[in-house]
Amino acid sequence: MKAQLLIIAAPSGAGKNTFINRLIQERPDRFVHSISYTTRNMREGELDGNPYYFLTEEDFRSKMADNFFAEWAEVHGNLYGTGRAQLEKHWADNRWVVMDVDVKGAENLKKEYPEAVSVFILPPSIETLRHRLSARKGKTDDLELRLANAVDEMLRAPDFDHQITNDNFDQAYAEFDKIIDNLLK
Ligand code: 5GP
């Protein structure tokens with residue numbers, strides 16, 4: 001299959017980043033992580049360009065007006081968006097662009113790029129999610145909001161091409177890896 005978009009969505013705390021990091025580590029020649037732009041505050045240990053490019057709301061809106069973003073969405077009260085130019089550049093190198101977006105972002109990207117492949121990662125339960133989220137440093141401020149959003153997002157899982165439940169990570173990753181093998185055929 002020609003390199004396209006691999007959209008991965010999950011409520012925060014479902015372990016999405018572990019999947020993405022492993023995929024990119026194992027197959028760096030074929031997969032690259034797109035770096036989004038956001039207006040949210042930088043967390044401890046983050047830098048501009050890792051894991052996001054951080055913008056003021058004014059700069060973000062000005063880029064929106066210039067049609068700079070392939071998609072953008074408001075998530076947990078902040079703006080997030082994907083730059084168009086970045087996608088084109090990676091496709092020219094025949095690399096799949098891995099998109100880590102919320103469900104609205106996934107929907108918008110599918111509309112704009114119908115050939116994109118989408119995967120939804122589910123936590124084994126809401127209780128597990130609560131536990132994982134409260135164990136995260138610097139994230140407890142909006143725990144209840146993230147949990148409420150998680151429930152809404154999980155109801156949209158059937159709209160995705162593939163659904164994976166991340167109970168046992170190795171098993172879940174093996175399932176994910178099969179999907180990836182098929183993309184590269
Ligand atoms: P966090 O702030 O915890 O890193 O991410 C919050 C949410 O924003 C996650 O659900 C993530 O998938 C989503 N997100 C990150 N980048 C983008 C983007 O470029 N577009 C959209 N629509 N959502 C994004």
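**Entry 1: His90**

I looked up the contacts of His90 in this predicted model. Leaving aside residues up to four places away in sequence, I found that His90 touches Val32, Arg95 and Val97. I placed His90 in helix H3, which covers residues 84-92. I then asked whether His90 is buried or exposed. Its relative accessibility is 7%, so I recorded His90 as buried, the cut-off being under 20%.

**Entry 2: helices H1 and H7**

I turned next to the packing of helix H1, residues 16-26, against helix H7, residues 169-183. Their axes lie 11 Å apart and form an angle of about 55°. Because of that angle, I noted H1 as oblique to H7. I recorded the crossing of H1 and H7 as right-handed.

Which residues of the two helices meet? On the H1 side I listed Thr18, Phe19, Arg22, Leu23 and Glu26. On the H7 side I listed Phe169, Asp170, Ala172, Tyr173, Phe176, Asp177 and Ile180. Sorted by class, the contact of H1 with H7 has seven nonpolar residues, four charged residues and one polar residue.

**Entry 3: Glu107**

I located Glu107 in helix H4, which spans residues 103-112. Its relative accessibility is 32%, so I entered Glu107 as partly exposed. That class lies between the cut-offs of under 20% for buried and over 50% for exposed.

I also looked up how Glu107 stands to Asp159. The two are 52 residues apart in sequence, and I noted a C-alpha to C-alpha separation of 8.7 Å in space.

Conventions: Residues numbered from 1 in each chain as written. Predicted model: local features only at pLDDT ≥ 70, side-chain atom pairs only at ≥ 80, totals over all residues. Heavy atoms only, no water. Helix = DSSP H or I, 4+ residues; strand = E, 2+ residues; numbered from the N terminus. Buried < 20%, exposed > 50% of the residue type's maximum accessible area, 1.4 Å probe, protein only. Axes fitted to C-alpha atoms, helices over the stretch in contact; angles between N-to-C directions. Parallel < 35°, antiparallel > 145°, perpendicular 65-115°, else oblique. Left-handed = near helix turned anticlockwise from the far one by under 90°. Contact = heavy atoms within 4.5 Å. Nonpolar A, V, L, I, M, F, W, Y, C, P; charged D, E, K, R; others polar.
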